[in-house]
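Hi,

Here is the structure I promised you. Have a look at it first, and then read on for what turned up.

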Amino acid sequence: MNIKVNGLLVRSILLSLFHSVATDSSHGLNPFHISGFCDAESSFMINIRPSKERKIGWSVELIFSITLHKKDIFLLKTIQKLWGGNITNHEEFSIQYRISSIKDLELVINHFDKYPLITQKLADYLLFKQAFNLIVRKEHLTIEGIKKLVAIKSSINLGLSEQLKLAFMGVKPVERSLIVNPVIENLNWLAGFVSGEGCFFVDVYKSKTNLGFAVRLIFKITQHSRDGILLGKLTDYFGCGKYYKESNRERGEFRVNKFSDIQEKIIPFFVKFPISGVKALDFMDFCEVAKLIENKEHLTLDGLEKIKKIKSRMNRGRNV
């Protein structure tokens, strides 16, 4: 599919998809898309706290959560329709989707067993699943079970609090898996992942042109460097782009900024495998600017002003 032929169709299709999610919480997302989005935005947590109400002195809570800007409330409601859980205010501009009941967590476990995570977050999930199975077997009601859960928690996310380190000094962390050869089996996963971690950026920068400014489109995905192998492989899936490891920082970036690649590969890809949430609107604006550039309007003052106006409403500048 080429934007030269389908420029207006791109916007109408994606606008229809966005509003269908935003107005109907029963609208379904592809399950691989959901896994990709969760790979980008979700968190698996094990909370272990002192408890006077428990005979063994400790209580355990497993939590699966996704925290997003309030603008994406409808996307979280779509996921809530599938798995249950609650959506609450988190901070001034963010909301959190949270699941902690064993019944609802079982739906989450079943989903990720069937439609796997791919990033290093898969290692967190596998540990979380171990903890889930311990609780299902009621082992958390014994001190030995609590020690097993502490050993699991020590290897997930940021590890143990100082309180838990002091209380369970003899407990050794369980081994954490290393995801060494990530493979994207379904491209809907990639669309979901980009819906969380991707960025469609319009760069208006000073230049020596007649207008004094030039325009370029940039598509990028930024991740912790531990997922550098996965980002490096995206060149194969998109057929363009390059992975850059940031010096002195534990992160890297997959980036496409060649206009012909964006026009002929990136935009058609996300028309076929749509973005979800508010970021779909950024993609539509990205396509609109691509059309202006294709028509050489970015070389005129009126066209440049149109592009600046579009840019101002994208990403952090967007109000829905």
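Let's start where the two halves meet: 15 residues of domain 1 are in contact with 22 residues of domain 2. Before you read too much into any of this, keep in mind that the model is predicted. The domain assignment puts domain 1 at 31-168 and domain 2 at 181-317, and their centres, taken over C-alpha atoms, are 32 Å apart.

What gets buried there? Domain 1 and domain 2 bury about 1500 Å² between them, and 62% of that is on carbon and sulfur atoms. In domain 1, the residues that lose the most area to domain 2 are F32, H33 and I118, which together make up 39% of what that side buries. Helix α2 (residues 31-41) gives the most to the side of domain 1 that touches domain 2, namely eight residues. As for polar groups, six residue pairs are in polar contact between the two domains, counting pairs with both residues at pLDDT 80 or more. If you go looking for salt bridges between domain 1 and domain 2, the count is zero.

Now for the sheet with β1 to β4. This is an open sheet of four strands in the order β1-β2-β4-β3, with antiparallel pairing. Its edge strands are β1 (42-50) and β3 (86-91), each of which pairs on one side only. On average, neighbouring strands in this sheet are turned by 35° against each other, ignoring direction. β3 pairs with β4 (residues 94-99) over five bridges, in the antiparallel sense, and N86 sits opposite R98 in β4.

Two helices go with this sheet. Helix α3 (residues 73-83) lies across β2 (58-69), β3 and β4, and runs at about 5° to β4. Helix α4 (residues 102-114) packs on the sheet too, where it touches β1, β2 and β4, and its direction makes about 65° with that of β2.

Further along the chain, have a look at β8 (residues 251-256), which runs antiparallel to β6 (residues 213-224) and is joined to it by six bridges. One place to find that pairing on screen is F219, which stands opposite V256 in β8. β8 also pairs with β7 (residues 242-245), again in the antiparallel sense, over four bridges. There, Y243 has F254 in β8 as its bridge partner. The hairpin of β7 and β8 has five residues between the strands, and one of the residues in that hairpin, N248, takes a positive phi near 65°.

Cheers

Notes. Residues numbered from 1 in each chain as written. Predicted model: local features only at pLDDT ≥ 70, side-chain atom pairs only at ≥ 80, totals over all residues. Heavy atoms only, no water. Pairing = 2+ DSSP bridges. Axes fitted to C-alpha atoms, helices over the stretch in contact; angles between N-to-C directions. Contact = heavy atoms within 4.5 Å. Domains from an automatic or database assignment. Buried area = accessible area lost by both parts, 1.4 Å probe. Salt bridge = Lys/Arg side-chain N within 4 Å of Asp/Glu carboxyl O. Polar contact = N/O pair within 3.5 Å; in protein donor to acceptor, adjacent residues only side chain to side chain.
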